[in-house]
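Biologist: I am new to this structure and would like a close look at a single part. Please pick one loop, go through the residues in it, and then follow their contacts into the rest of the chain.

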Amino acid sequence: MRRISIHRPKEKIRGVERRLRALDLWANQFENCKPYYDGQNYWNYKIPVIDRLVCPPTTNFEIQKRALQSLVKAVKHLSDSKVSQEVDYYRVAILVTFPHMFHSEVTAFFSREYYESFCYTQNLLPVSKSPSKHFNIEIPDGFQEVGTLVEWEDEYEEKIIKISEERWTIGQTP
């Protein structure tokens with residue numbers, strides 16, 4: 001279940017092992033999953049966790065690594081889906097935001113043009129900084145990683161703050 005910690009954003013997360021087991025079970029549910037296609041460009045599923053589990057300052061390297069491993073397992077199952085034989089175009093990817101992984105998701109794409117819009121070409125990050133390298137996770141054969149740095153300004157308590165995040169697409173080659 002996805003939840004945002006509005007009232008206790010920095011409180012230590014409890015039940016970490018239980019939550020990570022639930023995330024792994026969630027990934028296993030994609031084994032025989034058939035992504036819904038009805039003329040849409042994509043089908044997606046956000047990572048079902050409480051934000052404090054995968055976002056700083058209440059997370060750590062091991063928790064984020066296990067979360068990414070679950071996302072990889074889910075996308076691997078989706079890549080084996082039989083829906084690929086029923087549609088003209090089918091690719092799957094993990095869209096990872098880093099270091100705040102709460103916005104990460106697994107996505108099935110049914111449109112080449114839409115999928116290629118997630119294969120970044122500007123502000124590219126070096127592959128040596130990719131999530132799979134950072135967490136030492138093996139991605140499936142036929143998958144690639146492309147990342148970009150996104151920066152913007154926002155107003156917080158009457159101050160302008162600069163925010164940046166890495167956005168990575170770990171997906172099948174277009």
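Modeller: Take the loop between helix H4 (112-116) and helix H5 (131-135), where Asn123 lies. Note first that this is a predicted model. Asn123 has a phi near 50°, which is positive even though the residue is not a glycine. Most residues other than glycine have a negative phi. Asn123 counts as exposed because its relative accessible area is 56%, over the cut-off of 50%.

Phe118 is also found in the loop between H4 and H5. With a relative accessible area of 17%, Phe118 is buried, since the limit for that class is under 20%. Leaving out residues up to four places away in sequence, Phe118 touches Leu95, Phe109 and Thr169. Two distances help to place Phe118. The C-alpha atoms of Phe118 and Tyr89 are 15 Å apart, with their positions 29 residues apart in sequence. From Phe118 to Arg167 the C-alpha separation is 9.3 Å, and these two are 49 residues apart along the chain.

Arg167 leads into strand E5 (159-172), where Arg167 has its place. At a relative accessible area of 32%, Arg167 is partly exposed. The contacts of Arg167, not counting residues up to four places away in sequence, are Val96, Thr97, Tyr120, Val146, Gly147, Thr148, Val150 and Trp152.

Trp152 is a link to the next feature, the largest pocket, which Trp152 helps to line. The volume of this pocket is about 390 Å³. Its lining is made of Lys10, Pro99, His100, Trp152, Asp154, Glu155, Tyr156, Ile161, Ile163, Ser164 and Glu165. Two or more of these residues come from strand E4 (143-156), and two or more from E5. By type, the lining holds five nonpolar, two polar and four charged residues.

Glu158 is placed in the loop between E4 and E5. Like Asn123, with its positive phi, Glu158 has a positive phi without being a glycine, here about 65°. Glu158 is exposed because its relative accessibility is 74%.

Pro99, one of the lining residues of the pocket, has a backbone feature of its own. The peptide bond that joins Phe98 and Pro99 is cis, with omega about 10°. Pro99 is found in the loop between E2 and E3. A cis bond also runs from Pro56 to Pro57, with omega near 5°. Pro57 belongs to the loop between H2 and H3. Most peptide bonds are trans.

Now the interior. The largest nonpolar core has 41 residues, and Leu68 and Val106 have the most contacts inside it. At least two residues of this core come from each of helix H1 (16-28), helix H2 (51-54), helix H3 (61-79), strand E2 (91-98), strand E3 (105-109) and E5. H3 gives the most, with eight residues. Another core lies apart from this one; it has seven residues, among them Tyr89, Ala93, Tyr115 and Cys119. Nonpolar side chains tend to be buried together in soluble globular proteins.

Val106 is worth a separate look. Beyond its neighbours within four places in sequence, Val106 is in contact with Trp26, Phe30, Trp43, Asn44, Tyr45, Leu71, Ala74, Val75, Leu78, Ala93 and Ile94. Ala93 in that list is also a member of the core of seven residues.

Ala74 appears again among the contacts of Ala27, which touches Ser70, Lys73, Ala74 and His77 when residues up to four places away in sequence are set aside. Ala27 lies in helix H1 and is buried, with a relative accessible area of 0%. Its C-alpha atom is 10.0 Å from that of Pro48, a residue 21 places away along the chain.

Last, the cysteines. Cys119, which belongs to the core of seven residues, is buried with a relative accessible area of 15%. Cys55 is buried too, at 11% relative accessibility. A disulfide is a covalent bond between the sulfur atoms of two cysteines. A search of the whole structure finds zero disulfides.

Technical notes: Residues are numbered from 1 along each chain as its sequence is written. This is a predicted model: local features need pLDDT of at least 70, side-chain atom pairs count only at pLDDT 80 or more; totals for chains, interfaces and linings use all residues. Side-chain values use heavy atoms; hydrogens and water are left out. On a 1 Å grid over the protein atoms alone, a cavity is a set of points where a 1.4 Å probe fits but cannot get out, and a pocket is an open set with protein on both sides within 12 Å along at least five of seven lines; lining residues have an atom within 4 Å of a point. Grid points are joined across faces, edges and corners, and a volume is the space filled by probe spheres set on the points. Helices (H or I, at least four residues) and strands (E, at least two) are DSSP runs, numbered from the N terminus. Ala, Val, Leu, Ile, Met, Phe, Trp, Tyr, Cys and Pro count as nonpolar, Asp, Glu, Lys and Arg as charged, and the others, Gly among them, as polar. A disulfide is a pair of cysteine sulfur atoms within 2.5 Å. Buried means under 20% relative accessible area, exposed over 50%, partly exposed in between (1.4 Å probe, protein chains only). A nonpolar core is a set of buried Ala, Val, Leu, Ile, Met, Phe, Trp, Tyr and Cys residues joined through side-chain atoms within 4.5 Å. Contact means heavy atoms within 4.5 Å.
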